[in-house]
Amino acid sequence: MIFRARNLSPSNLIPLSSLALFFTKPSFTSTTLISPLLPANTPQIPNKFSHLIFFTNHFSSQSTATTSATKKLQKHLQKQEPSSPKPLTLNRDGNYDDGTPYNVVCPGCGVHMQDSDPKLVGFFIKPPTKTKDPTLKTSSRHLVPVSTEPEFTAFLKKGLILEEKRESPDLEEENLDKEMPEKPVVCARCHSLRHYGKVKDPTMENLLPEFDFDHTVGRRLGSVSGGRSVVLMVVDASDFDGSFPRKVAKLVSDVTEENYSAWKQGKSGNVPRVVLVVTKIDLLPSSLSPTRFEHWARQRAREGGASKIAKLHFVSPVKDWGVKNLVDDVVEMAGPRGTVWAVGAQNAGKSTLINAIGKCVGGKIGFLTEAPVPGTTLGLVRVEGVLPGQAKLFDTPGLLQPHQMTTRLTREEQKLVYISKELKPRTYRIKAGNTVHIAGLMRLDIDESSVESLYVTVWASPYLPLHMGKTENAQRILEDHIGHQLQPPIGEQREGQLGSWVRKEFHISGNSWESSSVDIAAAGIGWFAIGLKGEAVLGVWTYEGVGVVLRNALLPHRAQLFEEAGFTVSKIVSKADQTLNKSQKQIEKKKRSDQKTAIAAE
């Protein structure tokens with residue numbers, strides 16, 4: 001056999017050692033084996049054999065030695081050649097169907113998992129299989145720990161030894177055989193969100209088709225057959241109007257009305273039950289009256305399109321408030337064969353709520369991924385073992401609310417906007433002709449007022465800086481400080497990326513100085529609460545497309561101490577601004593130093 005090889009271990013030459021090659025007129029091939037060497041159905045040689053160089057000739061099909069050698073080579077190549085990857089499934093259907101294997105869909109976000117391309121969504125790494133060591137049962141049985149305590153006890157110092165009760169060998173073997181339940185394998189994206197709070201490459205999620213709620217969930221709600229349908233409409237208490245799913249509310253209301261009419265006529269009709277779940281109530285001040293809050297929430301839900309609400313629950317999964325009562329109502333309404341859908345906007349808290357429900361029912365541990373970033377859930381996730389009987393519970397992907405400001409912000413900017421602690425009021429007592437800025441996202445102008453002054457209370461994240469000053473200087477203040485002392489946005493160039501500013505005018509009236517009468521809320525930012533005894537004309541500026549609504553005041557009280565004119569900057573923004581100014585000063589200092597050096601050299 002004549003061949004030449006480089007960097008090839010002897011083990012890789014074993015399958016080729018029995019290959020006897022005879023030739024009269026050699027031909028040269030450097031990248032792949034010549035086709036006459038193998039039959040037509042021989043698989044392609046992997047690239048790992050490309051460094052072999054063969055001198056071959058046409059063989060006779062009657063050669064027995066060549067045939068046997070060829071078969072051996074074929075078997076070896078079939079073992080070495082990787083199997084062709086299966087086509088990837090890029091959808092958001094999750095594991096709704098019972099026929100979908102549970103390990104095919106990520107239990108954290110509902111996306112179909114794959115192990116072929118780490119750059120695509122759903123990529124995961126198969127964990128190594130754990131094998132039991134049979135010697136552990138016998139070899140470690142006679143070993144006894146010296147001490148499980150950090151230091152010697154008083155009994156040992158006195159020379160007293162307390163012998164522990166030893167279990168019988170059979171019981172020890174039985175305990176060794178018992179294994180702790182393994183945690184389910186999640187995709188790399190969920191792993192990054194759980195451990196690092198961020199997604200390494202958010203752009204790969206753009207390959208997924210947009211979640212079509214009407215097609216995926218709506219058609220199943222409209223089905224007249226099957227078990228009862230219960231819709232958990234999850235709304236964020238700190239951003240009620242911004243997170244309220246208006247399209248879903250209208251769809252469910254239409255289906256309810258249509259099926260109810262059919263049911264009254266004696267036809268089959270599955271009437272969905274709507275449960276409004278206002279979550280994150282721990283972020284609201286404890287002074288808020290539950291009765292007032294319930295009346296306020298029902299009114300806002302009706303104006304949002306939810307015509308019929310079967311139940312209303314205020315919950316806090318973090319504090320475990322109201323979860324037990326919610327579970328009892330859902331189990332009763334769903335029945336033994338019902339289907340429960342958890343629906344809400346991105347980052348409204350659906351996954352956190354379902355994990356809390358799982359822990360409440362039998363102490364089950366929730367595996368849904370929770371993270372303070374929008375769009376954590378990518379596909380339908382069927383949550384097992386929560387509802388009794390054959391009832392099913394599904395977590396759905398967060399609905400994209402384009403009118404929410406948070407959908408335009410970067411991850412770092414979202415951290416400043418999101419509310420993670422109980423809201424605290426920041427109140428101004430101002431006159432007409434003044435303006436209040438909330439970061440570089442929103443501004444309120446007091447254009448006209450029938451009274452000398454009014455009270456403006458800001459309810460927003462404490463990390464958002466404020467500024468109060470003359471309206472005539474408002475535009476200059478914004479241009480000079482946006483991206484720095486007024487952030488988000490972070491950086492001057494981000495303002496143009498967020499869109500253009502637009503103005504909305506509101507005519508309001510109030511009848512009390514002691515409490516706020518109305519709110520002007522911007523989706524994904526916060527709201528201004530206005531207290532006055534008279535009338536006023538207000539102008540609200542924010543980016544085009546951001547939802548701004550006028551509503552009755554949610555939190556009527558205000559702060560005891562008033563804010564002063566000028567900047568009210570949070571520590572995190574102040575620190576970021578100081579760092580940015582420091583770096584700019586260093587750059588300017590270096591430029592001056594270089595100029596002096598150049599002048600001295602001349």
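**Figure 1. Strands β11 and β14 of this predicted model run side by side in opposite directions.** Here β11 (residues 434-438) and β14 (residues 466-470) are antiparallel, and five bridges join them. To find your place in the pair, look for T435, which stands opposite G469 in β14. Helix α14 (residues 474-481) packs on the sheet to which these strands belong, and its direction makes about 25° with that of β11. Besides β11 and β14, helix α14 touches β12 (442-449), β15 and β20.

**Figure 2. Stepping back from that pair, we meet an open sheet of six strands.** Follow the order β15-β18-β12-β11-β14-β20, where the pairing is antiparallel. Which strands stand at the edges? They are β15 (501-511) and β20 (566-568); each has a single partner strand, so one side of each is left without a neighbour in the sheet. Neighbouring strands are turned against each other by 20° on average, direction ignored.

**Figure 3. The loop between β11 and β12 holds A439, a residue with a positive phi.** Most residues other than glycine have a negative phi. A439 is not a glycine, yet its phi is about 50°. Is A439 buried or exposed? Its relative accessible area is 0%, so A439 counts as buried, the cut-off being under 20%.

**Figure 4. D320 is another residue with a positive phi, this time in the loop between β6 and α11 (323-334).** The phi of D320 is near 65°, and D320 is not a glycine. Its relative accessibility is 52%, so D320 counts as exposed, for which the cut-off is over 50%.

**Figure 5. Helix α10 (residues 290-303) has a buried side and another side with exposed residues.** How far apart are the end C-alpha atoms of α10? They are 20 Å apart, which agrees with the 20 Å that its 14 residues should span at 1.5 Å a residue. The buried residues of this helix are F293, W296, A297, R300 and A301. Because they cover an arc of only 130° around the axis, they lie on the same side of α10. Their packing partners are α8 (240-243), β5 (273-279), β6 (311-314) and β19 (548-552). On the other side of the helix, T291 and H295 are exposed. Just beyond the helix, do not miss G305, which follows α10 and has a positive phi, near 115°.

**Figure 6. Two cis peptide bonds share P488.** Most peptide bonds are trans. Where is P488 found? This proline is in the loop between α14 and α15 (494-498), and P489 lies in that loop too. One cis bond joins Q487 and P488, with omega about 5°. The other joins P488 and P489, again with omega about 5°.

**Figure 7. Q414, in helix α13 (residues 411-417), makes a side-chain contact with the backbone of T406.** Q414 is buried, because its relative accessible area is 3% and the cut-off is under 20%. What does the side chain of Q414 reach? Its partner is the backbone oxygen of T406, at 3.0 Å.

Terms used. Residues numbered from 1 in each chain as written. Predicted model: local features only at pLDDT ≥ 70, side-chain atom pairs only at ≥ 80, totals over all residues. Heavy atoms only, no water. Pairing = 2+ DSSP bridges. Helix = DSSP H or I, 4+ residues; strand = E, 2+ residues; numbered from the N terminus. Axes fitted to C-alpha atoms, helices over the stretch in contact; angles between N-to-C directions. Contact = heavy atoms within 4.5 Å. Buried < 20%, exposed > 50% of the residue type's maximum accessible area, 1.4 Å probe, protein only. Polar contact = N/O pair within 3.5 Å; in protein donor to acceptor, adjacent residues only side chain to side chain. Expected span 1.5 Å × (residues − 1). Arc of directions from axis to C-beta.
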